[in-house]
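Reader: I should be grateful for a close look at a single part of this model, namely its pockets. Please take them in turn.

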Amino acid sequence: MARGGAYNVSIASQPPGFTDICALSGGTGTASDVNAINIAVSCRPAVAVVTTFAGSGTPGHADGAGAAASFNGPGHIAVDAAGNLYVADTGNHTIRKITPDGNVSTLAGSGTPGNANGMGAAASFNNPSGVAVDATGNVYVADFRNNLIRKITPAGLVTTLAGDGSHNSANGAAMSASFAFPGDVTLDSAGNLYVADVDNYLIRKVSPAGLVSTYAGIGSPAMPYYGNGPAATASFNLPASVRADASGNVYVADNRNNSIRKISADGMVTSVAGDLYAKSGRVNGTGTAATFSAPNGIAMDASGNIYVADSGNNLIRKISAAGVVTTIAGNASDQSVNGTGTAASFRDPAGVAVDGAGNVYVSDSGSNLIRKISAQ
């Protein structure tokens with residue numbers, strides 16, 4: 001830096017995962033003497049601030065900005081690279097889109113239950129539960145009561161990607177395969193689609209070529225406790241949500257096992273967090289020392305932190321990359337109150353998604369709202 005030159009130093013990014021918020025002092029000025037420049041960074045614990053992002057709180061199907069819009073029991077959610085949020089609006093039988101500034105529109109669905117392909121409102125779904133979005137803006141839908149996997153192009157054209165509509169577990173070519181209440185979907189970097197096949201107690205895989213196979217699970221809950229190990233011999237009990245990371249690992253919110261599971265890229269199932277004997281609770285801690293109650297939705301940030309819609313506890317939990325479970329928002333009361341950390345409350349949170357800036361979005365199903373949690 002030349003003597004007399006101006007300087008401007010800033011913080012490129014904040015620490016991830018609702019840990020710290022950092023501020024800079026002495027970041028701008030003129031370099032009269034290089035050795036006399038005093039730049040300091042100070043950090044404090046981050047505070048999770050919960051606000052309402054969209055929805056009036058009353059069941060309905062109105063498009064519009066923010067609180068002028070309405071939802072009906074929204075399910076899982078997904079966010080694209082531009083920060084658009086996609087919502088499986090389960091009770092309205094539609095897929096909704098929310099822009100980063102909070103404008104809500106209907107991407108596809110007639111608003112009444114059905115099973116029709118077509119453009120936008122000419123198509124129909126039956127209690128769609130989960131969504132995923134690819135890099136080019138295609139949206140994939142777990143069409144729960146139709147037992148189908150659907151695809152929506154950015155223009156709004158709906159087609160059936162996989163499933164014959166029967167409540168079954170057949171593998172094979174996409175249109176002759178079957179599912180039993182598919183609850184959620186996720187994509188890996190190779191374009192494989194993974195399905196939380198709820199009523200089959202399985203995780204299924206749909207290849208880019210359209211071949212459906214069983215990715216993990218034995219097809220029964222294996223009560224009274226669940227089994228880890230090779231994917232073909234592991235068990236799940238109503239797997240509710242799936243998310244794939246950049247390394248090809250698939251994470252599962254195993255609802256009735258009250259646990260978060262991991263299927264590694266080499267096909268081994270392990271427990272990330274939650275009691276090994278499926279005991280419910282809301283204890284924070286590390287790994288299997290922590291407890292959940294009917295976890296429903298999961299999401300991941302770029303640093304490997306996992307966020308959990310802990311539905312039975314009405315909490316939003318975080319699992320760090322080291323496996324440490326904490327509560328970032330909610331107080332376990334069945335209400336819908338905005339605020340900071342545990343002063344905020346949720347009512348049956350169903351899904352979570354994380355944008356590129358680290359904000360966490362929650363589909364607060366029982367409140368018919370989409371909530372936002374930001375670090376401040």
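Which residues lie nearest the centre of the largest pocket, and how many residues line it?

Author: The model is a predicted one, and the description below should be read accordingly. Val79, Met300, Asp301, Ala302 and Val354 lie nearest the centre of the largest pocket, whose lining comprises 44 residues. Eight strands each give two or more residues to that lining: β2 (20-25), β7 (77-79), β12 (128-133), β17 (182-187), β22 (239-244), β27 (295-300), β32 (349-354) and β34 (369-375). The space within the largest pocket amounts to about 1,200 Å³. By residue class, its lining contains 25 nonpolar, 11 polar and 8 charged residues. Both domain 1 (1-46) and domain 2 (48-375) take part, each supplying at least three residues to the lining of the largest pocket.

The second largest pocket holds about 380 Å³ of space. Its lining consists of 18 residues, and those nearest its centre are His76, Ser129, Phe144, Ala240 and Asn296. Here the lining divides into 10 polar, 6 nonpolar and 2 charged residues.

An annotation adds context to these positions. The unreviewed UniProt entry assigns "repeat: NHL" to residues 71-101, 125-155, 236-266 and 287-322. Among these spans, residues 125-155 are 52% strand and 0% helix, with their end C-alpha atoms 17 Å apart. Residues 236-266 are likewise 52% strand and 0% helix, and the end C-alpha atoms of this span are 18 Å apart.

Technical notes:
Residues numbered from 1 in each chain as written. Predicted model: local features only at pLDDT ≥ 70, side-chain atom pairs only at ≥ 80, totals over all residues. Heavy atoms only, no water. 1 Å grid on protein atoms, 1.4 Å probe; cavity = no way out; pocket = protein on both sides within 12 Å on 5 of 7 lines; lining within 4 Å. Points joined across faces, edges and corners; volume = space filled by probe spheres on them. Helix = DSSP H or I, 4+ residues; strand = E, 2+ residues; numbered from the N terminus. Nonpolar A, V, L, I, M, F, W, Y, C, P; charged D, E, K, R; others polar. Domains from an automatic or database assignment. UniProt positions renumbered as here; feature names shortened; annotations may be inferred.
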